[in-house]
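Please work through the exercises below with the structure in view, and try each task yourself before you read its solution.

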Amino acid sequence: MSAADQTAAVATGALSVAPLPGLPMVTKGDDLGRLILDALAAAAITLVDGDVVCVAQKIVSKAEGRLVALRDVTPGDEARRLAALTDKDPRMVQLILDESTEVVRHKPGVLIVRHKLGLVGAHGGIDQSNIEHDDGVEGEHALLLPVDPDASARALRAALEAATGKRLGVVITDSHNRPWRMGTVGTAIGCAGIRVLDDRRGGHDLFGRELKVTLINRADALATMATLVMGETTERTPVALIRGLPPDDADETARSAVRPLEEDLFR
């Protein structure tokens, strides 16, 4: 998406999404705000009010030092037991348990847990793809989710807004499975400067019928849009820019979209 294309999108009210090229490999301590600003400048892209910058969780975790060497992990008895049942590395299982509050389900090859952030999914969001590994099994690493993705989104938004003078949104994306659907979709695990949930309850449909349960997850929809263009394997484009959303002063957290335990019908 060129600068001219972006301007046209705003002028016509069209919604557009495009990956941001030119991001380097991210390592611990990197300033993500500065890296994104440099990539924007190199691509001749100028942010405008209402733009939403979507950032893959993986580079946020890398910058925040969430890479763990498996050689430093000592599995306990429960981790060893679950590892035997799921055919997994006991050290990985220990990390999953450490990052989670509850084991929801397990079978060979799969361990579903409730993460400390409230997210329910496979392996506590811990990943070993697209990260650096030393040679040999003892050199393997795993990447954990950010400690507080909403705080990460707020900090990144503050840095980008301070540099540009524009009102922006930030979404930190991750890929999640859903219980009754094949494949992964983008999910918002950290948000700042956007409306996360569009509550239509109490409104009316085209025929005047009152809406009782309509609650639209805008943040996850944006995350999925971004994931489609960022890719998840070798694309090396962990940032995407969404433009053309209607003006909105909302500033909600991704945590607000986590369903409360008392509403979980599958426990």
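The exercises that follow concern a predicted model, and each one is a task with a worked solution.

**Exercise 1. The five-stranded sheet**

Task: Work out in which order the five strands of the open sheet stand, and explain why β1 and β9 each have one side without a neighbour in the sheet.

Solution. Begin by listing the strands across the sheet, which gives the order β1-β12-β2-β8-β9, with pairing that is mixed. Next, look at the two ends of that order: β1 (16–19) and β9 (181–192) stand at the edges, and because each has a single partner strand, one side of each is left without a neighbour in the sheet. From one strand to the next, the twist averages 30°.

Then turn to one pair in detail, namely β8 (residues 169–178) and β9, which run antiparallel and are joined by nine bridges. Within this pair, Ile172 stands opposite Gly190 in β9. Finally, add the helix that packs on the sheet: α7 (residues 218–230) touches β1, β2 (52–56), β8, β9 and β12 (239–243), and the direction of α7 makes about 115° with that of β9.

**Exercise 2. The three-stranded sheet and its hairpin**

Task: Find the order of the three strands in the other open sheet, and then describe how β4 and β5 are connected.

Solution. The order is β4-β5-β6, and the pairing in this sheet is antiparallel. As the ends of the order suggest, β4 and β6 stand at the edges, each with a single partner strand, so one side of each lacks a neighbour in the sheet. On average, neighbouring strands here are turned by 25° against each other when direction is ignored.

Now follow the chain from β4 into β5, which pair in the antiparallel sense over six bridges. In one of these bridges, Lys107 has Val110 in β5 as its partner. The two strands form a hairpin with two residues between them, and in the turn Gly109 has a positive phi of about 90°.

**Exercise 3. Two helices that cross**

Task: Describe how α4 and α5 pack against each other, which residues make the contact, and how each helix lies relative to the strands β4 and β5.

Solution. Start with the geometry: helix α4 (residues 77–86) and helix α5 (residues 90–98) pack at an angle of about 115°, with their axes 8 Å apart, and the crossing is right-handed. The contact is made on one side by Glu78, Ala79, Arg80, Leu82, Ala83 and Thr86 of α4, and on the other by Pro90, Val93, Gln94 and Leu97 of α5. Sorted by class, these residues divide into six nonpolar, two polar and two charged.

Next, relate the helices to the strands: α4 lies across β4 and β5 and runs at about 30° to β4, while α5 also lies across β4 and β5 but runs at about 135° to β4. Between α4 and α5 there is a loop that contains Asp87, a residue with a positive phi of about 60° although it is not a glycine. To see why such a value deserves a remark, recall that most residues other than glycine have a negative phi. A second case is Ala44, whose phi is near 60° and which is found in the loop between α2 and β2.

**Exercise 4. A pocket and a cavity**

Task: State what volume the largest pocket has and which residues line the largest cavity, and then set out the classes of residue in each lining.

Solution. Take the pocket first: its volume is about 1900 Å³, and it is lined by 50 residues, of which Val120, Asn177, Arg178, Pro179 and Arg259 lie nearest its centre. β9 gives the most to this lining, with seven residues. By class, the lining of the largest pocket divides into 24 nonpolar, ten polar and 16 charged residues.

Now take the cavity: a search of the whole structure finds one of 30 Å³ or more, and the space in the largest cavity is about 30 Å³. The residues that line the largest cavity are Leu20, Ile36, Leu40, Leu47, Val53, Val239, Ala240 and Leu241. Here β12 gives the most, with three residues, and both α2 (32–42) and β12 supply at least two. To finish, the classes in the cavity lining are eight nonpolar, no polar and no charged residues.

Methods:
Residues are numbered from 1 along each chain as its sequence is written. This is a predicted model: local features need pLDDT of at least 70, side-chain atom pairs count only at pLDDT 80 or more; totals for chains, interfaces and linings use all residues. Side-chain values use heavy atoms; hydrogens and water are left out. Two strands pair if DSSP finds at least two bridges between them. Helices (H or I, at least four residues) and strands (E, at least two) are DSSP runs, numbered from the N terminus. Axes are lines fitted to C-alpha atoms, for helices over the stretch in contact, and angles run from 0 to 180 degrees between N-to-C directions. Contact means heavy atoms within 4.5 Å. A crossing is left-handed if the near helix is turned anticlockwise from the far one by less than a right angle, and right-handed if clockwise. Ala, Val, Leu, Ile, Met, Phe, Trp, Tyr, Cys and Pro count as nonpolar, Asp, Glu, Lys and Arg as charged, and the others, Gly among them, as polar. On a 1 Å grid over the protein atoms alone, a cavity is a set of points where a 1.4 Å probe fits but cannot get out, and a pocket is an open set with protein on both sides within 12 Å along at least five of seven lines; lining residues have an atom within 4 Å of a point. Grid points are joined across faces, edges and corners, and a volume is the space filled by probe spheres set on the points.
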